[in-house]
Amino acid sequence: MKTRIKWNDGMSFLAESGSGHVVLMDGPPEAGGKNLGPRPMEMLLMGTGGCAAFDVVLILQKSRQDISDCVVEIEAERAPQEPKVFTHIHFHFILTGKKLNPQQVERAITLSAEKYCSASIMLGKTAKLTHDFEIVES
């Protein structure tokens with residue numbers, strides 16, 4: 001896996017993935033940015049959420065659960081001093097479907113957190129990871 005990051009202007013950077021997708025990242029105005037894109041640490045959380053959501057949806061589909069939507073809301077806390085690593089990350093899953101089995105949902109989230117989601121497992125080396133979920137009937 002590869003990526004390329006190029007300084008754009010001020011404190012904005014263009015990140016190009018190995019698969020050819022481009023994302024603009026930027027800093028806050030107080031750090032010389034223009035707020036044109038997400039911060040790099042926000043990108044890290046977004047990627048982790050995408051990784052977890054991907055796993056949960058795939059596991060539930062393979063478990064023959066009738067899932068129609070998955071939203072992950074993430075809240076994170078960072079250390080007050082540099083390097084300001086994440087110290088706590090909470091994942092709140094909102095899963096929509098027909099007669100979703102809560103035990104299957106819990107199992108899918110646990111499997112993602114403990115076995116499949118590389119991003120959250122890496123972040124779990126420095127941060128306490130927690131999760132909960134709600135099921136919405138469609």
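# Exercises on a predicted model

**Exercise 1.** Find the residues that Q65 touches, leaving out those up to four places away in sequence; then say where Q65 lies and whether Q65 is buried or exposed.

*Solution.* Start with the contacts (heavy atoms within 4.5 Å): Q65 touches L60, K99, L100, N101 and Q104. Next, place it: Q65 lies in the loop between helix 1 and strand 4. Helices (H or I, at least four residues) and strands (E, at least two) are DSSP runs numbered from the N terminus. Finally, Q65 has a relative accessible area of 16%, so it counts as buried (under 20%; exposed is over 50%, partly exposed in between, 1.4 Å probe, protein chains only).

Before you go on: this is a predicted model, where local features need pLDDT of at least 70 and side-chain atom pairs count only at pLDDT 80 or more, while totals for chains, interfaces and linings use all residues. Residues are numbered from 1 along each chain as its sequence is written, and side-chain values use heavy atoms, with hydrogens and water left out.

**Exercise 2.** Work out the strand order of the sheet that holds strand 4, and see what packs on it.

*Solution.* Three strands make an open sheet, ordered 4-5-6, with mixed pairing (two strands pair if DSSP finds at least two bridges between them). Strand 4 (66-78) and strand 6 (128-137) each have a single partner strand, so these edge strands have one side without a neighbour in the sheet. On average, neighbouring strands here are turned by 15° against each other, direction ignored. Look closer at strand 4 and strand 5 (residues 86-98): 12 bridges join them in the antiparallel sense, and E77 stands opposite H88 in strand 5. Now add the helices. Helix 1 (residues 40-62) lies across strand 4 and strand 5, at about 150° to strand 4. Helix 2 (residues 102-116) touches strand 5 and strand 6, and makes about 150° with the direction of strand 6. Axes are lines fitted to C-alpha atoms, for helices over the stretch in contact, and angles run from 0 to 180 degrees between N-to-C directions.

**Exercise 3.** Do the same for the sheet with the order 1-2-3.

*Solution.* This one is open too, and its three strands pair antiparallel. Strand 1 (3-9) and strand 3 are at the edges with a single partner strand each, so one side of each lacks a neighbour in the sheet. From one strand to the next, the twist averages 25°. Strand 1 joins strand 2 (residues 12-17) through six bridges, and W7 has F13 as its bridge partner in strand 2.

**Exercise 4.** Track down D26: where is it found, and is it buried or exposed?

*Solution.* D26 is found in the loop between strand 3 (22-25) and helix 1. Its relative accessibility is 2%, so D26 counts as buried. Beyond four places in sequence, D26 touches several residues, including M11, S12 and K34.

**Exercise 5.** How many aromatic pairs does a search of the whole structure find?

*Solution.* The search finds one. F91 and F93 are stacked, 6.4 Å centre to centre with 15° between the planes. Rings of Phe, Tyr and Trp (its six-membered ring) pair if their centres lie within 6.5 Å; planes under 30 degrees apart count as stacked, over 60 as edge-to-face, the rest as tilted. F91 counts as buried at 6% relative accessibility, and F93 counts as buried at 3%.
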